[in-house]
Amino acid sequence: MNKSNEENPFVPEPARIVRKYDLSDDVRFFQIRFVDMEKALSMRYLPGQFMMLSIAGAGEAPFSISSTPSRPGLLEFCVREVGEVTRALFRLKENSIVGIRGPYGNGFPLDKIKGNNLIIVVGGLGAAPLRSLLLYALDNRDNFGNVYLLHGARTPSDMLFKEEFLELKERDDLQCLLSVDKDPTGDWPCYVAKVTKLFKYVKNVNVAKTYAAVCGPPVMYKFVIEKLVKLGIPKHQILMTLERRMKCGIGKCGHCVVGHTYTCIDGPVFTYWDVTNMRELI
Amino acid sequence: MRVLWMKKEDLREFLESSKQFGELWGPVQKGEVYVYDKIDDFSRLILEPKRTLLPVKKLIHPPEFNILRYEGETYKTELENIPRRVVYGVPPCDIHGLLILDDLFRRYYPDPYYITRRERTAILGVSFCTPTEGCLCKSMGTDVVQEGFDLFFSDLKDFYLVWVGSSLGDDMVKVRPDLFNNNITRKHLDKFMECKKERDEKFTKSIDMTVIPDIMELSYDSPVWEEIGERCLECGACTMVCPTCNCYNVVDEPSISGFTGERRRYWDCCIFTEYSLVAGGDNFRATRADRLKLWYTHKLKSFGYSGKPACVGCGRCIDTCPVDINVLSVVRGLLGGKEKEGKS
């Protein structure tokens, strides 16, 4: 590698797809590791950060990291096949090389969340960034108060990480509330309801000592936030991670800007107060 | 800052001597407009300051170029072929534009493409321009400039005051010390003030930037955005000619083999429909009104990491927009049709 590459934040590093499997009809899970093992083991990141994934010829796109920094070595992503880069990624087999750079973005403010209760509200592909936060909290369980997972999907076959989350129901130290809007097969073992209906199981929380983290399709935010505000959680303790078009990930290309806020640098994690203050955020 | 003076007739000789620092570029006339071009034939160079069609950003943040070359999944930086240049004839508004881009491209994750071009380009500024209709630099506080250039020539009719803005600028002066004079007297200062006053009186339009950022905040729901959204042709010319528009797209262009190729950067434009479109079909700025509001938010309210208005008052959007959407007409609309005519 020449010298100018090292000083260039736009140069992707080679990484290997070590494992992949389908999470749903159009969402696939990828485990990726830097070819450079030293880099693979030394990379630090926060839940909520993202990386730019690159496939030469197809281009680059941002993806939330789904793995937790408490389990170093492998980076995990869950990817929906919707654009040029993801279509090219879906064609790749295990052991293929892709380019990655990052991590970018602010990530979840772990220092603030620690010592508090945590309510994680997931809709659909929102599992991608929030799985990282959930696994981090479970790996550092003593640092958090009560932890809740409220996860909604359209049908059981749409629920990402279904088996993984169903296993989590066994844990005594997590309230794992899983629901689907519709259950065509009739053998879904958990709730059949909108994710907002799960809030009735969140009881007796000290709201001043509670953070909530929300990610899901744009239509979900309004209803979920209504519930969280009604619970009494302060606006600056309601966190959400947002999606935008990005071409650089590092505050240069302009696409992710909201007002003069760069989603890639100042976000993608924002508080409900930020959202109230900057009308175009959600 | 080191300030010298120079006889008007010596400029040509000085510019000839500066060629040892890189290709000489400057404004030339092309049809009815002025453009920055490489100067091989000195008679083409326009010595007095002119508003060029595109600002000097076209040389530092070019409309398109390779950022990486790839072979399989191995990427190589493309920085080798960036030439050294000496660009003469850059007006203060364009230099202020560069200062705003400097902050954006240098802070947080320094962009090696911008920085390398900026470092290899000597900027030779010029004033005082004769304000044309649409010049708003006085309103924007960008009619004078203290940094961001290597040398700056204040045209005071009988002579130039030469401001030395960098070590490189100082080196350029040292090649022909015989052309420069150290002795700045009261006479020079008086002439400077006289020319500045004469120039200031020629501005015909102004915008009161002490209130416009707040007016923008208060006008978020104004019907003005819908109105201009309906008029806008989505041509994107305003963003191309603006000295502080930096947005770009990145596209991979494979060779015929598909194995090798180039990753290229192209100017993008926030007025275009796809600008905020994400894979899956969500468009965060689906209407033209929303997109125009973003552009004017950046120019008249807040932009970049510093969060200050980015309009440098060059007047290019006024010259360029085919349907009269520009900083003046938008401000006029937001203020309810009252455009302040006259001197600033």
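This passage describes the overall form of chain A and the nonpolar cores of a predicted model.

Chain A contains 8 helices and 15 strands. Its radius of gyration is 19 Å, close to the 19 Å expected from the globule rule for 282 residues, so chain A is as compact as a globular protein of that length. Along the principal axes, the C-alpha atoms of chain A occupy a box of roughly 60 × 45 × 35 Å. Of the 282 residues in chain A, 58% are buried. Contacts that link distant parts of the sequence were also examined: among those between residues at least 6 apart in chain A, 69% join residues at least 24 apart.

The surface of chain A was considered next. The exposed area is about 11,800 Å², of which carbon and sulfur atoms supply 48%. Chain A carries 37 positive and 31 negative charges, and the mean positions of these two groups lie 5 Å apart.

In soluble globular proteins, nonpolar side chains tend to be buried together. In this model, the largest nonpolar core comprises 78 residues, and those with the most contacts inside it are Tyr262(A), Ile207(B), Trp295(B) and Tyr296(B). Helix H11 of chain B, spanning residues 288–300, provides the largest share of this core, with 6 residues. When neighbours within four places in sequence are set aside, Tyr262(A) is in contact with residues of chain A, including Gly251(A), Cys256(A) and Val257(A), and with residues of chain B, namely Leu104(B), Phe303(B), Gly304(B) and Tyr305(B). Another core, of 64 residues, lies apart from the largest one; among its members are Leu130(A), Met159(A), Leu198(A) and Val258(A).

Conventions
Residues are numbered from 1 along each chain as its sequence is written. Chains are lettered from A and ligands numbered from 1 in the order in which they are written. This is a predicted model: local features need pLDDT of at least 70, side-chain atom pairs count only at pLDDT 80 or more; totals for chains, interfaces and linings use all residues. Side-chain values use heavy atoms; hydrogens and water are left out. Helices (H or I, at least four residues) and strands (E, at least two) are DSSP runs, numbered from the N terminus. The radius of gyration is taken over C-alpha atoms; the globule rule is 2.2 Å times the number of residues to the power 0.38. Buried means under 20% relative accessible area, exposed over 50%, partly exposed in between (1.4 Å probe, protein chains only). Contact means heavy atoms within 4.5 Å. Accessible areas come from the Shrake-Rupley method with a 1.4 Å probe; for residues, only the protein chains shown count as cover. Lys and Arg count as positive and Asp and Glu as negative; His and the chain ends are not counted. The place of a charge is taken as NZ of Lys, CZ of Arg, CG of Asp or CD of Glu. A nonpolar core is a set of buried Ala, Val, Leu, Ile, Met, Phe, Trp, Tyr and Cys residues joined through side-chain atoms within 4.5 Å.
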